[in-house]
Amino acid sequence: MKKVEAIIKPFKLDDVREGLTEQGITGLTVSEVKGYGRQKGHTETYRGAEYNVDFLPKIKLEIVLSDDQLDRCIETIISTANTGKIGDGKIFVFNVEQAIRIRTGEVGDEAV
């Protein structure tokens, strides 16, 4: 099993979710986060005063899936979250040793 964490732009969430659902990938945790990478924030003007916005709003997706779904998941996130501009995000993949469904006690891929 693998865990995919993806950081994407907030307005791309619906596109990514729909794309994953079309690929048969269900089960998704979404968190609103803030951060920066190469973008390093930006400057905004409010009531005539300029100020720096260091941390930009992003969406963090967490998906645990079987190994055979991994490539489809990554390809779908890349194709649906890509705008071609800086700040599109990142994808991280982790190994998951065990998963247990609390309600039924199912273990492993059955729990996902």
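**Exercise 1. A pair across the chain**

Lys9 has a relative accessibility of 13%; decide whether this residue counts as buried or exposed, then find the salt-bridge partner of Lys9.

*Solution.* A quick note before the steps: this is a predicted model, where local features need pLDDT of at least 70, side-chain atom pairs count only at pLDDT 80 or more, and totals for chains, interfaces and linings use all residues. Residues are numbered from 1 along each chain as its sequence is written, and side-chain values use heavy atoms, with hydrogens and water left out.

- Step 1. Buried means under 20% relative accessible area, exposed over 50%, and partly exposed in between (1.4 Å probe, protein chains only). Lys9, at 13%, therefore counts as buried.
- Step 2. Look for a salt bridge, meaning a side-chain nitrogen of Lys or Arg within 4 Å of a carboxyl oxygen of Asp or Glu. Asp88 fits the bill, with 3.7 Å between the closest N and O atoms of Asp88 and Lys9.
- Step 3. Place both ends: Asp88 is in the loop between helix H2 (70-81) and E6, while Lys9 is in the loop between strand E1 (2-8) and helix H1 (13-22), so the pair ties together distant parts of the chain, 79 residues apart. (Helices, H or I with at least four residues, and strands, E with at least two, are DSSP runs numbered from the N terminus.)
- Step 4. Check the partner: Asp88 is buried too, since its relative accessible area is 16%.

**Exercise 2. The other bridges**

How many salt bridges does the rule give, and which residues share partners in one network?

*Solution.*

- Step 1. The count comes to six salt bridges.
- Step 2. Lys12 pairs with Asp15 at 3.6 Å, N to O. Lys12 is buried at 13%, whereas Asp15 is partly exposed at 34%.
- Step 3. Arg101 and Glu106 bring their closest N and O atoms to 2.8 Å. Arg101, at 27%, is partly exposed, and so is Glu106, at 32%.
- Step 4. As for the network, salt bridges with shared partners join Lys3, Glu5, Lys60 and Glu62.

**Exercise 3. The overall layout**

Write down the order of helices and strands, then work out whether the chain is compact or spread out.

*Solution.*

- Step 1. Tally the elements: two helices and six strands.
- Step 2. Along the sequence they run β-α-β-β-β-β-α-β. With a radius of gyration of 17 Å, well over the 13 Å from the globule rule for 112 residues, the chain is more spread out than a compact globule. (The radius is taken over C-alpha atoms, and the rule is 2.2 Å times the number of residues to the power 0.38.)
- Step 3. Add the box: along the principal axes, the C-alpha atoms fill roughly 60 × 25 × 20 Å.
- Step 4. Pick one pair as an example: Asp67 and Glu50 are 17 residues apart along the chain, yet their C-alpha atoms are separated by 48 Å.
- Step 5. Finish with burial: 32% of the 112 residues are buried.

**Exercise 4. A charged patch**

Which residues form the negative surface patch, and where does Asp67 lie?

*Solution.*

- Step 1. Patches take residues with over 30% relative accessible area and no salt bridge, joining like charges within 9 Å and nonpolar side chains (Val, Leu, Ile, Met, Phe, Trp, Tyr) within 5 Å.
- Step 2. The members are Asp67, Asp68, Asp109 and Glu110.
- Step 3. Asp67 lies in the loop between strand E5 (56-65) and H2, and is partly exposed at 47%.
- Step 4. Asp109 is in the segment after strand E6 (89-95), and is partly exposed at 46%.

Technical notes: Areas by Shrake-Rupley, 256 points an atom, 1.4 Å probe, with all protein chains shown as cover. Lys, Arg positive; Asp, Glu negative; His and termini not counted. Charge placed at Lys NZ, Arg CZ, Asp CG, Glu CD.
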